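Visitor: Please give me a close look at a single part, the packing inside. Keep the sentences short.

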Amino acid sequence: MVPNKELEALTASMHFSRCGPLEPDPDPLGVLAETKAGLDKVIRERAFLLWEQAGRPDGRADEFWYLAQYRQWCERAYALWEREGCPEGKADEHWWRTLNFERS
C-alpha cells in the first residue's frame, strides 16, 4: 500500500515475461499465448485432474505436477513447430527451445 500523497511520485515500467509487446497471438491452440502465471494455472489444473483420474493417491503430488508440466510443454513445442510450418527434422529443436524458455 502506498499513501495517497506519494502516488504522484510513483513511476511504473512494464515487464514482458514472454518478451515483446502485449498483443494477441495468432496461435489457434492458445498454448503459445499463455503467460507464465497462466501456464502455472493450467499445469495446476491438469495435475489435479490427473491426480483425480488416478484415484487421488496420497504422497504423489510432485509426480502429477511434473507429468502435467511435461504434457503442457509438449503441446507448446508442437504448437510452435506447427506454427512454423511443420519443418521436417526440426521437432527436437522446437522441444529444446520450449524447454529452455520455460526453465528460464
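Guide: Start with three words. Buried means under 20% relative accessible area, exposed means over 50%, and partly exposed lies in between (1.4 Å probe, protein chains only). Take C74: its relative accessibility is 28%, so it counts as partly exposed.

This is a predicted model, where local features need pLDDT of at least 70 and side-chain atom pairs need 80 or more, while totals for chains, interfaces and linings use all residues. Residues are numbered from 1 along each chain as its sequence is written, and side-chain values use heavy atoms, without hydrogens or water.

Now go inside. The largest nonpolar core (buried Ala, Val, Leu, Ile, Met, Phe, Trp, Tyr and Cys residues joined through side-chain atoms within 4.5 Å) has 10 residues. They are L39, I43, A47, L50, F64, A68, W73, A77, W95 and L99. Three elements each give two or more residues to this core: helix 1 (36-53), helix 2 (61-83) and helix 3 (91-103). Helices are DSSP runs of H or I, at least four residues long, numbered from the N terminus. In soluble globular proteins, nonpolar side chains tend to be buried together.

Pick one core residue, A47. Leave out residues up to four places away in sequence, and A47 touches F64, W65 and A68. A touch, or contact, means heavy atoms within 4.5 Å.

F64 leads on to W51. W51 is in helix 1. Its relative accessibility is 23%, so W51 is partly exposed. Beyond neighbours within four places, W51 is in contact with R56, P57 and F64. The C-alpha atoms of W51 and W65 are 8.9 Å apart, and the two residues are 14 apart along the chain.

Two of those contacts of W51, R56 and P57, belong to the loop between helix 1 and helix 2. P57 is buried, because its relative accessible area is 17%. With neighbours within four places set aside, P57 is in contact with W51 and F64. R56 has a relative accessible area of 45%, so R56 is partly exposed. The phi of R56 is near 55°, a positive value in a residue other than glycine. Most residues other than glycine have a negative phi.

C86 has a positive phi too, near 55°. C86 sits in the loop between helix 2 and helix 3. At 35% relative accessibility, C86 is partly exposed. What does a search for disulfides find? Across the whole structure it finds 0. A disulfide would be a pair of cysteine sulfur atoms within 2.5 Å.

Next, H94. Its place is in helix 3. Is H94 buried or exposed? Its relative accessibility is 1%, so H94 counts as buried. The side chains of H94 and E84 make a polar contact of 2.8 Å. Such a contact is a pair of N or O atoms within 3.5 Å; within protein, one must be able to donate a hydrogen and the other to accept it, and residues adjacent in sequence count only if both atoms are side-chain atoms. Apart from residues up to four places away, H94 touches A77, L80, W81, E84 and P87. A77 is one of the core residues.

Now the rings. Rings of Phe, Tyr and Trp (its six-membered ring) pair if their centres lie within 6.5 Å; planes under 30 degrees apart are stacked, over 60 edge-to-face, and the rest tilted. By this rule there are 3 aromatic pairs. One of them is Y70 with W95, edge-to-face, 5.6 Å centre to centre with 65° between the planes. Y70 lies in helix 2 and W95 in helix 3, so this pair ties together parts 25 residues apart in sequence. Y70 is partly exposed, because its relative accessibility is 45%. Y78 and W81 make a tilted pair, 5.5 Å centre to centre and 45° between the planes. Both lie in helix 2, 3 residues apart, about one turn of the helix. Y78 has 43% relative accessibility, so Y78 counts as partly exposed.

Last, confidence. The predictor's confidence in each residue is the pLDDT, from 0 to 100. The protein's mean is 75, and 64% of its residues reach 70 or more. Among the elements, helix 2 has the highest mean (88) and helix 3 the lowest (81). Residues 14-19 stay under 50, with 12 contacts beyond four places in sequence in the model. Residues 21-29 are also below 50, with 11 contacts beyond near neighbours in sequence. Where pLDDT is low, the predicted coordinates should not be read in detail.
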